[in-house]
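Biologist: Please take a close look at one part of this chain. Start from a single residue and work outward from there.

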Amino acid sequence: MSTTDRRRWLALAVVMTASFMDLVDATIVNIAIPSIQRDTGAGFSAIQWITAGYALAFAVGLITGGRLGDIYGRKRVFLIGTAGFTAASLLCGLAANPEMLVATRMLQGAAAALMVPQVLSIIHATFSGEERGKVFGMFGAIIGLAAVTGPLLGALLTQWNLFGLEWRPIFLINLPVGIAGLLLGRRFIDESKAPQALKLDLVGVALATAGLLMLLYPLVQGRELGWPVWGYLLMAGGLAVLGGFVRYERFKSAKDGSPLVELTLFRAKSFAAGVGVQLVFGAACGIFFLVWTLYMQIGLGWTPLHAGLTGLPFSVACSAAAGMSVQLLVPRFGRKVLQGGALITAAGALIYVWESARYGQGIHSWQMALPLVVMGVGMGMIFAPLTDAILSEVPKEHAGSASGLINTTNQLGNAFGLALVSVAFTGSTVVHAFGHAMLWMVGALAVVVLLMAALPKRGAHAPEADAAASGTPADEPVLVA
């Protein structure tokens with residue numbers, strides 16, 4: 001293996017570790033909420049904002065974060081985001097009251113919005129089409145592993161009460177990981193940016209941020225406030241603002257070629273269809289992961305550690321299927337793999353509903369293993385190939401903008417899913433409500449299967465395809481030394 005090749009794979013390890021850190025941090029907090037509430041005296045609203053504040057800051061900053069990488073360099077913005085995320089994690093761990101914890105969690109989300117979009121951008125700019133298949137397989141495995149590692153790690157760190165710090169180690173554990181990422185990233189990641197000079201679209205930033213906040217805030221707070229009328233009006237206003245954002249971006253593109261979002265991306269069928277799939281699939285995941293936690297810890301009365309260990313079969317199956325789908329199945333069967341993954345996930349959900357109804361409160365962890373493995377395999381078949389399908393025809397100079405849009409769409413989908421939980425999670429008991437919510441998830445997956453029919457039958461994995469999409473010779477990647 002050449003020195004250059006070794007550097008690329010070491011750089012990949014760095015950015016994937018940072019991505020894993022973010023994915024774990026997004027889920028690790030939920031498991032420690034009771035400890036945080038006891039220790040800080042936080043009320044219900046503050047507890048909600050400890051999780052929702054991170055998600056909001058993350059979602060509204062993603063598009064801007066991706067574009068900043070295109071303009072100022074993906075390595076530079078990645079390192080700034082990693083440094084900010086690490087510093088915010090320290091402040092979270094030192095928080096003296098709920099207000100400080102909410103503020104530092106929002107700071108953490110904003111830093112993640114700088115860091116995370118650069119991961120896909122760096123991969124897209126550093127690896128050729130053939131190599132990206134293998135890379136996205138690894139990326140999907142990381143996503144699957146993080147899905148359960150977060151709650152399990154949070155349960156262990158909280159239960160161990162290291163040095164009498166209660167919940168604080170769930171944030172402080174990011175410090176060594178973040179510092180290592182900064183040192184190794186600075187050494188091994190090569191700089192890359194858009195080849196032509198771009199400017200930051202400040203008006204676009206303001207419109208996108210305002211529109212997303214108006215749309216997401218009522219979704220996050222609506223359930224607690226009883227879905228007031230003003231929430232629906234705010235969401236309608238948010239859609240209007242986002243419509244204005246699209247019109248302004250067309251004007252900005254024609255004026256100087258430096259829009260925040262490159263709307264020409266949607267001319268690529270794979271990107272437009274893939275974003276739609278990501279939105280609905282994100283909603284299905286948002287429903288599942290929340291109701292699953294409520295089902296085990298509230299409905300069945302299990303401890304956080306018991307619930308976390310129960311999810312291990314899902315994590316292992318998802319990780320294994322993600323790698324296999326990209327490297328072996330997608331090259332041979334194309335989009336049928338993604339459609340099959342959605343159908344398998346739906347089948348696993350239906351098995352779970354049947355078992356939950358049959359065994360009721362007496363269900364055991366081992367009885368959940370079958371549906372969790374089936375669902376893990378199905379989701380793993382979607383996670384990694386979907387990302388590759390969306391980016392397959394994206395020019396390298398717009399990788400940051402596309403990455404930001406992909407992550408924002410995923411966050412929006414999750415927000416919609418969480419909002420639907422209040423409607424879907426209904427029943428006389430939590431156990432019955434779980435079955436009802438899972439049927440909603442199956443319905444969302446049916447929509448996903450239909451939308452996937454618009455994806456290209458085969459992905460563009462050849463280096464020549466990348467060159468044609470970017471206007472760059474296949475052997476001359478757009479990198480800055």
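Modeller: The starting point is serine 325, which sits in helix H12, residues 312–333. This is a predicted model, so every value here is computed from predicted coordinates. Is serine 325 buried or exposed? Serine 325 has a relative accessible area of 0%, so it counts as buried, the cut-off being under 20%.

What does serine 325 touch, once neighbours within four places in sequence are set aside? The contacts are Val330, Pro331, Val337, Gly380, Met381 and Pro385. Isoleucine 382 can be placed by distance. Its C-alpha lies 8.2 Å from that of serine 325, with the two positions 57 residues apart in sequence.

One of those contacts, Val337, leads to the next element. Helix H13 covers residues 336–359. H13 has 24 residues and runs 34 Å from first C-alpha to last, close to the 34 Å expected at 1.5 Å a residue. Just after H13 comes glycine 360, with a positive phi of about 55 degrees.

Now the wider frame. The chain has 17 helices and 0 strands. It has 481 residues, and 56% of them count as buried. Long-range pairing is common in the contact list. Among contacts with a separation of 6 or more, 83% join residues 24 or more positions apart.

Next, the nonpolar interior. The largest nonpolar core has 92 residues. Which of them touch the most other members? They are Phe78, Phe271 and Met379. Helix H10, residues 269–299, gives this core its largest share, 15 residues. A second, separate core has 35 residues, including Ile31, Ile36, Ala42 and Ile50.

Phe78 deserves its own list. Beyond its neighbours within four places in sequence, phenylalanine 78 contacts Val14, Val15, Ala18, Met115, Gln118, Val119, Ile122 and Ile189.

H10 can be checked for length as well. Its 31 residues should span 45 Å at 1.5 Å a residue. The end C-alpha atoms are 43 Å apart, which agrees. H10 is mostly covered, with 22 of its 31 residues buried. Just after H10, glycine 301 has a positive phi of about 75 degrees.

Then the empty space. Rolling a probe the size of a water molecule over the atoms shows where empty space is left. The structure holds 2 cavities of 30 Å³ or more. The second largest cavity encloses about 40 Å³. Which residues line the second largest cavity? The lining is Arg7, Arg8, Ala11, Ile122, Thr126, Phe188, Ile189 and Asp190. Helix H1 (3–40) and helix H4 (98–126) each give two or more residues to this lining. H1 gives the largest share, 3 residues. By type, the lining of this cavity divides into 4 nonpolar, 1 polar and 3 charged residues. Two names link this cavity to Phe78: Ile122 and Ile189 belong to the lining, and both are in contact with phenylalanine 78.

Pockets come next. The second largest pocket holds about 350 Å³ of space. Its lining has 17 residues, and Ile63, Leu242, Phe245, Leu405 and Leu412 lie nearest its centre. Which elements give two or more residues to this lining? They are helix H8 (202–225), helix H9 (229–256), H10 and helix H15 (399–424). H9 gives the largest share of the pocket lining, 5 residues. By type, the pocket lining divides into 14 nonpolar, 3 polar and no charged residues. H10 thus appears in two places: it lines this pocket and gives the largest share of the 92-residue core.

Two backbone angles remain, and neither belongs to a glycine. Tryptophan 227 lies in the loop between H8 and H9. Its phi is near 50 degrees, a positive value. Tryptophan 227 is at 25% relative accessibility, so it counts as partly exposed. Glutamate 166 lies in another loop, between helix H5 (129–160) and helix H6 (169–172). Its phi is positive, about 55 degrees, although glutamate 166 is not a glycine. Why does glutamate 166 count as partly exposed? Its relative accessibility is 29%, and partly exposed runs between 20% and 50%.

Back to the start. Serine 325, at 0% relative accessible area, is buried, whereas tryptophan 227 and glutamate 166 are partly exposed.

Methods. Residues numbered from 1 in each chain as written. Predicted model: local features only at pLDDT ≥ 70, side-chain atom pairs only at ≥ 80, totals over all residues. Heavy atoms only, no water. 1 Å grid on protein atoms, 1.4 Å probe; cavity = no way out; pocket = protein on both sides within 12 Å on 5 of 7 lines; lining within 4 Å. Points joined across faces, edges and corners; volume = space filled by probe spheres on them. Helix = DSSP H or I, 4+ residues; strand = E, 2+ residues; numbered from the N terminus. Nonpolar A, V, L, I, M, F, W, Y, C, P; charged D, E, K, R; others polar. Core = buried A, V, L, I, M, F, W, Y, C linked by side-chain atoms within 4.5 Å. Buried < 20%, exposed > 50% of the residue type's maximum accessible area, 1.4 Å probe, protein only. Contact = heavy atoms within 4.5 Å. Expected span 1.5 Å × (residues − 1).
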